[in-house]
Amino acid sequence: MRRMKMLTILGLTMISVFTYFIMSGRLSSFTALTIIPLIFAIIAGFGSTVDTMMIDGIKLVAPSAAFILFALLFFGIMIDAGMFDPLINQILKTVKGDPMKVAVGTAILTLAVALDGDGTTTFIIVISSLLPLYNRLNMNPLVLATIAMLSFSVVCGLTPWGGPGIRALSVLGLEQTDFFVPLIPTLIGGAIWVIFVSFILGKKERKRLGVIDLQEDEGATRKTGYAATLAIEEGSSIKRPKLLWVNVGLTLAVMGVLISGLVQSAVLFLVAVVVAMLINYPTIEQQKERIKDHGANALMVLLVVFAGGAFTGILSGTGMVDSIAGHLVSIIPESWGSFFPLIIGLVSIPFTFVMSNDAFYFGVVPIFANTAVAYGIEPIEIVRVAVLTQSAHFLLPLVPATILLISMLKLNIAEYVRFAFKWSLLTCFVLIVLAWSTGAILS
């Protein structure tokens, strides 16, 4: 009993120290995930076996690391080839001078581009394409920031190649298909909800500004509309407009196989990347350039995933996670056990707001998952519910993608949080209710 108490104290202290160094920016996620658990494992008396624990954790996350590498490369290639360009152009043509249509178009564009899974890329494309139009119509840039953030948070959180899901799935050794398929109705419902929010915000802007006839200034229209897409192009040489429908067909086929679970997800996206490369960039030099352009982002993600595996290996191997879970079970009334996923969903809102994704999904979610087992609840349900609160996380001013978003729009962070907070919180609640009602959690 005394040993269990000591492990609980050490485990909670380790997570607290890890969270502090991550949130304060004193250590990178990669460094903190490696050094801090190593020190605590030695303090706990596991110095002779800590290397085995870390290797076991790294082995556990290896399939997920391969999956995220190939998924990021695949969607990066689709964006490079211009698969989303016609959608962008069509939105810019359709919205014209109506603020309500502009807001709805912002949501649709972000939901599509967010399939890339990278917040930085998504916000660069969306803001570069639409900010001139917002400026031309004198629309509130906070509307653009809020819609873009909500749209990205839904897609990023609920897709298995998004940052939150891949972290939790990798450290728990769970299957991407088991995670994703039950969440598809929630993803669709969440997308509809975000479009509805954009409709409300756009309607308010239309009431404030009216509908502006951009045809009065054809030059401004071009600058604001069709030519705005030039901002997202890395160069016309990498665009493949003639292969648009081939790329769309390939993407739909890949998504279909992913949902069906016929092929392991890492193998599926490996093959998809190779096919996409051969179709769009057949020469070795072209392929090297595409890998080089996307490699840095993918490498940073892989470093964190593997270090997260080592972290979780120590957390599990030392018995810390079991000890903490046992204490957590002892303080939750037994009658609440069947509602544990719902409790975790509500608790995750403040957790994800004040913590980095690395700290939350590598340090906290495994404890929640282990605790759930005591109530007869599958760990995968805890992962599903934990990713539903990403819109709260993207209010955090320490998130790099959020910093980029407010910097590109020249916004004050306090102003942004005040404006987006209500919609962020509502989005968390809507996603939790959708997941509950469709059986993704509490099934």
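Which residue's side chain meets that of Asp-293 in a salt bridge? The partner is Arg-290, and the N to O distance is 2.9 Å. This report starts from that pair. The model is predicted.

## Salt bridges

A search of the whole structure finds four salt bridges. Three of them are described here, among them the opening pair.

| Acidic partner | Basic partner | N to O distance |
|---|---|---|
| Asp-80 | Arg-290 | 2.8 Å |
| Asp-98 | Arg-206 | 2.8 Å |
| Asp-293 | Arg-290 | 2.9 Å |

Take Asp-293 and Arg-290. Both residues lie in helix H14. They sit three residues apart, about one turn of the helix. Asp-293 is partly exposed, because its relative accessibility is 38% and the buried class ends under 20%. Salt bridges with shared partners join Asp-80, Arg-290 and Asp-293 into one network.

Now turn to the pair of Arg-290 and Asp-80. Their side chains meet in a salt bridge of 2.8 Å, N to O. Arg-290 belongs to helix H14 (residues 284-317) and Asp-80 to helix H3 (residues 50-80), so this pair ties together parts that are 210 residues apart in sequence.

Are these two partners buried or exposed? Arg-290 is buried, with a relative accessible area of 5%. Asp-80 is buried too, with a relative accessible area of 2%.

## Asp-98 and its surroundings

Where does Asp-98 lie? Asp-98 is in the loop between helix H4 (85-95) and helix H5 (99-113). Its relative accessible area is 8%, so Asp-98 counts as buried.

Asp-98 forms a salt bridge with Arg-206, and the closest N and O atoms are 2.8 Å apart. Arg-206 lies in helix H10, while Asp-98 lies in the loop between H4 and H5, so the pair ties together parts that are 108 residues apart in sequence. Arg-206 is partly exposed, with a relative accessible area of 29%.

Leaving out residues up to four places away in sequence, Asp-98 touches Arg-206 and Val-211. A polar atom of the Asp-98 side chain also lies 3.0 Å from the backbone nitrogen of Met-100. What separates Asp-98 from Ser-316? The two residues are 218 residues apart along the chain, and their C-alpha atoms are separated by 55 Å.

## Two residues of helix H5

Lys-101 is found in helix H5. Lys-101 is partly exposed, with a relative accessible area of 40%. Residues up to four places away in sequence aside, Lys-101 touches Thr-94 and Val-95. Lys-101 and Gly-202 are 101 residues apart in sequence. In space, the two are 7.0 Å apart, C-alpha to C-alpha.

Thr-110 is also found in helix H5. Is Thr-110 buried or exposed? Thr-110 is buried, with a relative accessible area of 0%. Which residues does Thr-110 touch, not counting residues up to four places away in sequence? The contacts are Thr-122, Val-126, Ala-148, Ser-151 and Phe-152.

## The second largest pocket

How much space lies in the second largest pocket? The space is about 510 Å³. The elements that give two or more residues to its lining are H5, helix H10 (184-209) and helix H12 (244-260). H12 provides the largest share of the lining, five residues.

The lining has 21 residues. Nearest the centre of the pocket lie Leu-111, Leu-115, Leu-187, Leu-252 and Met-255. What kinds of residue make up the lining? The lining divides into 19 nonpolar residues, two polar and no charged.

## Helix H8

Helix H8 (residues 163-172) is mostly covered. How many of its ten residues are buried? The count is ten of ten. Among the buried residues of H8 are Gly-163, Pro-164, Ile-166, Arg-167, Ser-170 and Leu-172. Just after H8 comes Gly-173, which takes a positive phi of about 65°.

## Pulling it together

Two helices recur in this account. H10 holds Arg-206, the salt-bridge partner of Asp-98, and H10 also gives two or more residues to the lining of the second largest pocket. H5 holds Lys-101 and Thr-110, and H5 is also among the elements that line this pocket.

Technical notes. Residues are numbered from 1 along each chain as its sequence is written. This is a predicted model: local features need pLDDT of at least 70, side-chain atom pairs count only at pLDDT 80 or more; totals for chains, interfaces and linings use all residues. Side-chain values use heavy atoms; hydrogens and water are left out. Helices (H or I, at least four residues) and strands (E, at least two) are DSSP runs, numbered from the N terminus. Buried means under 20% relative accessible area, exposed over 50%, partly exposed in between (1.4 Å probe, protein chains only). Contact means heavy atoms within 4.5 Å. A polar contact is a pair of N or O atoms within 3.5 Å; within protein, one must be able to donate a hydrogen and the other to accept it, and residues adjacent in sequence count only if both atoms are side-chain atoms. On a 1 Å grid over the protein atoms alone, a cavity is a set of points where a 1.4 Å probe fits but cannot get out, and a pocket is an open set with protein on both sides within 12 Å along at least five of seven lines; lining residues have an atom within 4 Å of a point. Grid points are joined across faces, edges and corners, and a volume is the space filled by probe spheres set on the points. Ala, Val, Leu, Ile, Met, Phe, Trp, Tyr, Cys and Pro count as nonpolar, Asp, Glu, Lys and Arg as charged, and the others, Gly among them, as polar.
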